[in-house]
Amino acid sequence: MEDSEEDELLNLSLSVAADRERKKKGKNVSMSSSSSNARNKSSSYEGYEGKIFRLLQMREQMLRQDHRSRKGVVEDGNGLPLIHLLLTTSTCVDENNFDSSLENLTDLYQTVSLTGDSVQRVVAYFADGLAARLLTKKSPFYDMIMEEPTIEEEFLAFTDLYRVSPYFQFAHFTANQAILEAFEMEEERNNRSLHVIDFDVSYGFQWPSLIQSLSEKATTGNRISLRITGFGKSLKELQETESRLVSFSKGFGNLVFEFQGLLRGSRVINLRKKKNETVAVNLVSYLNTLSCFMKISDTLGFVHSLNPSIVVLVEQEGSRSPRSFLSRFTDSLHYFAAMFDSLDDCLPLESTERLRIEKKLLGKEIKSMLNHDHVDVDCPKYERMETWKARMENHGFVGTKISSKSIIQAKLLLKMRTHYCPLQFEEEGGGGFRVSERDEGRAISLGWQNRFLLTVSAWQPV
């Protein structure tokens, strides 16, 4: 634990001791009944503080200790008792049962580990989220538990996950293949110009593979023009993304590359610049970040007004929209348990990269999900494929078939990225990463074992 966290724990201990000393020096109250009530309240208050202090001590020990020294609730790969205790704790927190919640969380922190098996690791972050929810933002320890990664730490964690797992690459390569095929269909009339409008360009990791694919179709005398209009969260992020992409594109002399960065929420009047250019809209993990259904509707209406040749939608599979806390908790636990389990197929247990991915990316998302309805925290609102399908159709879009080339490409990617567990396809059962065609071939999903992780679909306006 950081020095600042130790100081806060020490301060809490000192404050409890000081409070007791003040009570000893206080004046006697004339009425014995009043004195008795005061002692009971004091004892209750100190009892709660003592339990919180012990909870935070156990959390500190969990952060410091190696998983091999944790006590054995998880034996022989059986994490069911630990999961059961976590679910019981979530119910206690939801019911504001303070005593039982503190006791259960203290027990959890004595068992979980950030370097243990996948069950111990995922439960550790869910325990953090529940502890923060129980203490509330009023507690001086809330920010300690909900500590945000720096921009640099989050970038490194994202880079690690992109490199070792098929998760983001599956989404990006499949989306790019659909965009490339839309460009090829209009090649005779689009003046060899492609304009991609990316509603969340983020670090720009999706686009080098598209730049390379377009370059393979171009020649020095017949160059292809690629223009990317990318929306981002900050000016610094956009500038760094532009620098990376421009630098990469310089290695392809037969491609004319242009990048325009816009801050999210910017007013855009006319995004079209070249006559007959192929316009592709990229909605990769974007719509789920919008705060309400009205903003989703407005965005889809704007996208429809652009009359793009193709709209690529990529969304994480889930059902975590505003519902009861417990149903959201359970669905999230299933999803993140699959994610943590899949990382064991990508990285060894003692990997610093795995710890960084889980702590700075997945752990952050877990804790935000458990607390976004109590405080002003951004939290993605995930839906299942069927919900997004209905939403797209209601806004004037029709789904298009995912090509056989995209399916083959996805399966090859998984073969390259699968290490320890066997690759599975939709007709097979068992463990490992899976590729599944859905909605009569109009969507393709990446899954781990029997859990869908994310789904790619392609749409056209009608």
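Student: How many salt bridges does the structure hold?
Tutor: Good place to start! A salt bridge here is a side-chain nitrogen of Lys or Arg within 4 Å of a carboxyl oxygen of Asp or Glu. Side chains of opposite charge can pair when their charged atoms come close. Counted this way, the salt bridges in the structure number 27.

Student: Before we go on, what kind of model is this?
Tutor: Residues are numbered from 1 along each chain as its sequence is written, and side-chain values use heavy atoms, with hydrogens and water left out. Local features need pLDDT of at least 70, side-chain atom pairs count only at pLDDT 80 or more, and totals for chains, interfaces and linings use all residues, because this model is predicted.

Student: Which helices are tied together by the salt bridge of lysine 360 and glutamate 153?
Tutor: The side chains of lysine 360 and glutamate 153 meet with N to O at 3.5 Å. Helices (H or I, at least four residues) and strands (E, at least two) are DSSP runs, numbered from the N terminus. The pair links parts 207 residues apart in sequence, because lysine 360 and glutamate 153 lie in helices H13 and H7.

Student: Is lysine 360 buried or exposed?
Tutor: Buried means under 20% relative accessible area, exposed over 50%, and partly exposed in between (1.4 Å probe, protein chains only). Its partner glutamate 153 has 29% and counts as partly exposed. Lysine 360 has 17% relative accessibility, so lysine 360 counts as buried.

Student: How many residues apart are aspartate 160 and arginine 163 in helix H7?
Tutor: These two side chains also form a salt bridge, at 3.7 Å from N to O. Aspartate 160 is buried at 7% relative accessibility, while arginine 163 is partly exposed at 44%. Their spacing along H7 is about one turn of the helix, that is, three residues.

Student: Which residue forms a salt bridge with arginine 189?
Tutor: Arginine 189 itself is exposed, at 53% relative accessibility. Its partner is buried, at 14%. The closest N and O atoms are 3.9 Å apart, and the partner is glutamate 186.

Student: Let's turn to helix H11. What is the distance between its end C-alpha atoms?
Tutor: H11 covers residues 293–305, which is 13 residues. The expected span is 1.5 Å times one less than the number of residues. That gives an expected 18 Å, and the distance between the end C-alpha atoms agrees, at 18 Å.

Student: Why do the buried residues of H11 line one face of the helix?
Tutor: The buried residues are Ile296, Thr299, Leu300 and Val303. The face turned away from them carries exposed Met294 and Ser305. Directions are taken from the helix axis to the C-beta atoms. Seen down that axis, the buried residues line one face because they fall within an arc of 95 degrees.

Student: Which residue of strand E4 has a side chain joined to aspartate 198 by a polar contact?
Tutor: Strand E4 (278–284) is part of what covers the buried residues of H11. A polar contact is a pair of N or O atoms within 3.5 Å; within protein, one must be able to donate a hydrogen and the other to accept it, and residues adjacent in sequence count only if both atoms are side-chain atoms. The E4 residue is buried, at 0% relative accessibility. At 3.4 Å, the residue joined to aspartate 198 is asparagine 282.

Technical notes
Contact means heavy atoms within 4.5 Å.
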